[in-house]
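Below is a short walk through one protein chain, moving from a helix to a set of strands and then to the cysteines. The structure is shown first.

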Amino acid sequence: MHGFYDRVIFPRIMHFTMGFREVSEYRARVVPAATGRVLEIGLGSGLNLPFYGDRVSEVIGVDPHEALNRMARRRLDSTRLPVRIVNGSAEALPLDDASVDCVVTTWTLCSIGAVDRALQEMRRVLRPGGEILFIEHGTAPDTAVARWQDRLTPLWRRCAGGCHLNRPIDHLFARAGFTITDLETGYLKGPRLLSYCYWGRAKP
């Protein structure tokens with residue numbers, strides 16, 4: 001369900017609690033660092049497209065939801081970048097080995113079913129020296145918050161497009177063979193159950 005949650009449910013929740021400007025500021029911390037041939041996981045309606053900089057040669061957006069892909073295609077007239085939109089799954093990326101320079105994920109890993117397999121796929125398609133740029137929400141460090149995340153995730157998954165409140169993002173990267181080279185964490189404004197975020201970079 002990646003893409004649907006990131007581009008539909010999460011923005012509506014966070015725009016209500018934080019406002020569009022604040023959410024955009026967090027995207028602006030991560031996405032502009034992308035370079036070369038970029039794979040965006042969960043492109044959705046294309047909210048990240050305005051944030052890519054001059055060092056990007058192409059964006060390949062993968063999302064399993066054709067309705068969202070159609071929304072993203074309507075944005076292409078307003079972007080100067082070559083963008084290729086692919087209807088596909090992060091768990092089985094339709095790309096060759098070592099074929100992209102950078103992977104971008106924003107509030108997407110929470111809703112991928114086989115997230116370990118998806119991260120291994122991202123590692124497979126990254127060229128030597130490539131990196132993942134990410135901003136994701138997940139397990140909070142406060143014990144009381146984390147316990148409620150664990151309790152509510154089974155219900156929340158059914159209501160919110162497969163989203164997990166309790167994924168330990170840093171551990172997921174390590175488990176998939178990545179080293180996090182830059183990491184910031186903290187609560188965004190809004191409900192603490194879903195507002196603890198991790199943003200930074202990781203390399204195979």
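**Helix α5, the strands around β4, and the cysteines**

In this predicted model, helix α5 covers residues 143–159, and its 17 residues reach 24 Å from the first C-alpha to the last, close to the 24 Å expected at 1.5 Å a residue. The helix has a kink of about 55° at Thr153, shortly before the proline Pro154. Thr153 is also one of the buried residues of α5, together with Val145, Ala146 and Gln149. An α-helix has 3.6 residues a turn, so residues three or four places apart point the same way. The cover over the buried residues of α5 includes β6 (179–187) and α7 (192–195). Just after the helix, Gly161 takes a positive phi of about 65°.

Next come the strands. Of the seven residues of β4 (residues 100–106), six are buried, which leaves the strand mostly covered. Strand β1 (residues 36–41) runs parallel to β4 and is joined to β4 by four bridges; within this pairing, Glu40 has Val104 as its bridge partner. Strand β5 (residues 126–137) is also parallel to β4, with six bridges between them. Here the partner of Val104 is Leu133. From β4 the chain passes through helix α4 (residues 115–125) to reach β5, a β-α-β crossover that is right-handed.

The cysteines remain. How many disulfides are there? With sulfur pairs required to lie within 2.5 Å, the count is zero. Cys197 is in no disulfide, and the nearest cysteine sulfur, that of Cys110, is 9.6 Å away. Cys197 is buried, at 0% relative accessible area, whereas Cys159 counts as exposed because its relative accessibility is 57%.

Methods
Residues numbered from 1 in each chain as written. Predicted model: local features only at pLDDT ≥ 70, side-chain atom pairs only at ≥ 80, totals over all residues. Heavy atoms only, no water. Helix = DSSP H or I, 4+ residues; strand = E, 2+ residues; numbered from the N terminus. Expected span 1.5 Å × (residues − 1). Bend = angle between axes of the 7 residues up to and from the residue. Buried < 20%, exposed > 50% of the residue type's maximum accessible area, 1.4 Å probe, protein only. Contact = heavy atoms within 4.5 Å. Pairing = 2+ DSSP bridges. Right-handed = clockwise from strand over helix to strand, strands pointing away.
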